[in-house]
Amino acid sequence: AGSRADVNPDEVASVIWKYFTELGSNAKDTAEQLQQTELSKQLNTLLKSNLQSISAYAEDLQQRLEPFAMELQAKLAQDSQRLKEQIQRELQELQAKLAPYADQVHQQIGTNIRQLQARMGPYAEELRSQVDLSAGELRRALEPYAAELRERLQDNAESVQASLSPYAERLQRQIDGGVESVKQRLSPVADELKAQVEQSVAELRRGLSPYAQEVRDGLERQLQSLSAQMERAAEELRARLAASSEELRAQLSPLAQELREAASGDAESLRQRLQPLAQQLEQRLGQSLETFRQQAAPFGETFGQQLVQRLEEMRGKLDSGAAGVEDHLELLEKEVRDKVAAFLSTAAPPQN
């Protein structure tokens, strides 16, 4: 009948967390509407897409998840102020304990920031280079199709119509293969960037290790938070690269679809419909690939800036003892994810 593995706890948690944050940012009189519609709709979409083969389980799980999510939201909202105060108190205590070492800690984090910037530079440039290279290779692979279409227009209408559907299918396969090749080319760079994140946090942990045990415990909590933020940024980078590749596919695929639709029309109007498409094909290919290149190439630089910002924020918190909103939200989100995972682990699907 299926298993719990069919439902990704992180995806369910993301739906509930989005619901929780949207509810918190809306006026009170809209909360009821959100509760009754948005959460139900989002969970329904997620569960049905992952549990199509066991719809009864999907419906049962949704019925159990909705009240669980609403109860969780109510509890988190109630405990929110207490959590803010706890985080603030812990940071102030840590700052007081760090006072004798404040200069050394500040300098160590500054050194780590400079090392991270130096390390990220080549990888950001490598990502830009791979994006440019991928776009160029895909352009060269697709350009012959534009020339071939122009040549086909010289044949008689019946011959063009007969060959058009196979041609469109070949074009679509080339687009799909090219996009997958782009993903495969960019994925190792994303892996390397994530590895550099882990190395940077490990180096900072070693650099701060000489301090007293009670201070090190407080610093370790901050380092774990920093590591989680950086890893999340690395996963977001990977997701953005994949999304850009899929967006490229979405921009290119209509070209093949238009050709398939033209092939299904009458032979007399075929040439009239194909003439402007043949003229535009190469231009549209170029525009789509250039859009992809401009969008994806700077991701490495943006990622590096994000990481430096996280380190600067950590240094600022240790200097001032003041917690930011992100600390509070981060712990709330962790609690959501932990509780959703625990809930799903007990919600076993029905067996045949």
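Residues 216–247 form a span that is 100% helix and 0% strand, with end C-alpha atoms 45 Å apart. Helices here are DSSP runs of H or I with at least four residues, strands are runs of E with at least two, and both are numbered from the N terminus. UniProt, in an unreviewed entry, places the feature "coiled-coil region" at residues 216–247 and also at 69–104. UniProt positions follow the numbering used here, feature names are shortened, and such annotations may be inferred rather than shown by experiment. For residues 69–104 the end C-alpha atoms lie 45 Å apart, and the span is 92% helix and 0% strand.

A word on what you are looking at: this is a predicted model, in which local features need pLDDT of at least 70 and side-chain atom pairs count only at pLDDT 80 or more, while totals for chains, interfaces and linings use all residues. Residues are numbered from 1 along each chain as its sequence is written, and side-chain values use heavy atoms, with hydrogens and water left out.

**Overall fold**

The protein has nine helices and zero strands, giving the pattern α-α-α-α-α-α-α-α-α along the sequence. Of its 352 residues, 42% are buried; buried means under 20% relative accessible area, exposed means over 50%, and partly exposed lies in between (1.4 Å probe, protein chains only). Contacts, meaning heavy atoms within 4.5 Å, often span long stretches of sequence: among those between residues at least 6 apart, 85% join residues at least 24 apart.

**The cores**

A nonpolar core is a set of buried Ala, Val, Leu, Ile, Met, Phe, Trp, Tyr and Cys residues joined through side-chain atoms within 4.5 Å. The largest one has 67 residues, and the members touching the most others are Leu 164, Leu 259, Leu 274 and Phe 303. At least two residues of this core come from each of helix 3 (55–98), helix 4 (102–152), helix 5 (157–207), helix 6 (213–263), helix 7 (267–296) and helix 8 (299–320). Helix 6 gives the largest share, 16 residues. A separate core of 18 residues includes Val 12, Ile 87, Leu 332 and Val 340.

Phe 303 deserves a closer look. Beyond its neighbours within four places in sequence, Phe 303 contacts Met 120, Leu 193, Val 197, Met 230, Ala 233, Ala 234 and Leu 237.

**Helix packing**

Two packed helices are described by the angle between their axes and the distance between the axes. Axes are lines fitted to C-alpha atoms, for helices over the stretch in contact, and angles run from 0 to 180 degrees between N-to-C directions. The axes of helix 5 and helix 8 come within 12 Å and cross at roughly 20 degrees. That angle makes helix 5 roughly parallel to helix 8, since angles under 35 degrees count as roughly parallel, over 145 as roughly antiparallel, 65 to 115 as roughly perpendicular and the rest as oblique. Where these two meet, Leu 193, Val 197 and Leu 204 in helix 5 touch Phe 303, Leu 307, Leu 311 and Met 314 in helix 8.

Helix 6 and helix 8 pack with their axes 10 Å apart at an angle of about 165 degrees. Helix 6 is therefore roughly antiparallel to helix 8. The crossing of helix 5 and helix 8 is right-handed, and right-handed also describes the crossing of helix 6 and helix 8. A crossing is left-handed if the near helix is turned anticlockwise from the far one by less than a right angle, and right-handed if clockwise.

**Individual residues**

Two serines sit within helices. Ser 244 lies in helix 6 and counts as buried at 4% relative accessibility. Leaving out residues up to four places away in sequence, Ser 244 touches Phe 292, Gln 295, Ala 296 and Phe 299. Ser 288 is found in helix 7 and is buried too, at 10% relative accessibility. With the same sequence neighbours left out, residues up to four places away, Ser 288 touches Leu 248, Gln 251 and Leu 252.

Two loop residues follow. Leu 208 is in the loop between helix 5 and helix 6 and is buried, with a relative accessible area of 2%. Outside its neighbours within four places, Leu 208 contacts Val 105, Gln 108 and Leu 219. Ala 323 belongs to the loop between helix 8 and helix 9 (325–346), and is partly exposed with a relative accessible area of 26%. Not counting residues up to four places away, Ala 323 touches Ile 87, Gln 88, Leu 91 and Lys 317.

Some pairs far apart in sequence are listed here with their C-alpha separations.

| Pair | Separation in sequence | C-alpha distance |
|---|---|---|
| Ser 288 and Arg 139 | 149 residues | 9.7 Å |
| Ala 323 and Gln 88 | 235 residues | 5.5 Å |
| Leu 208 and Gln 108 | 100 residues | 7.2 Å |
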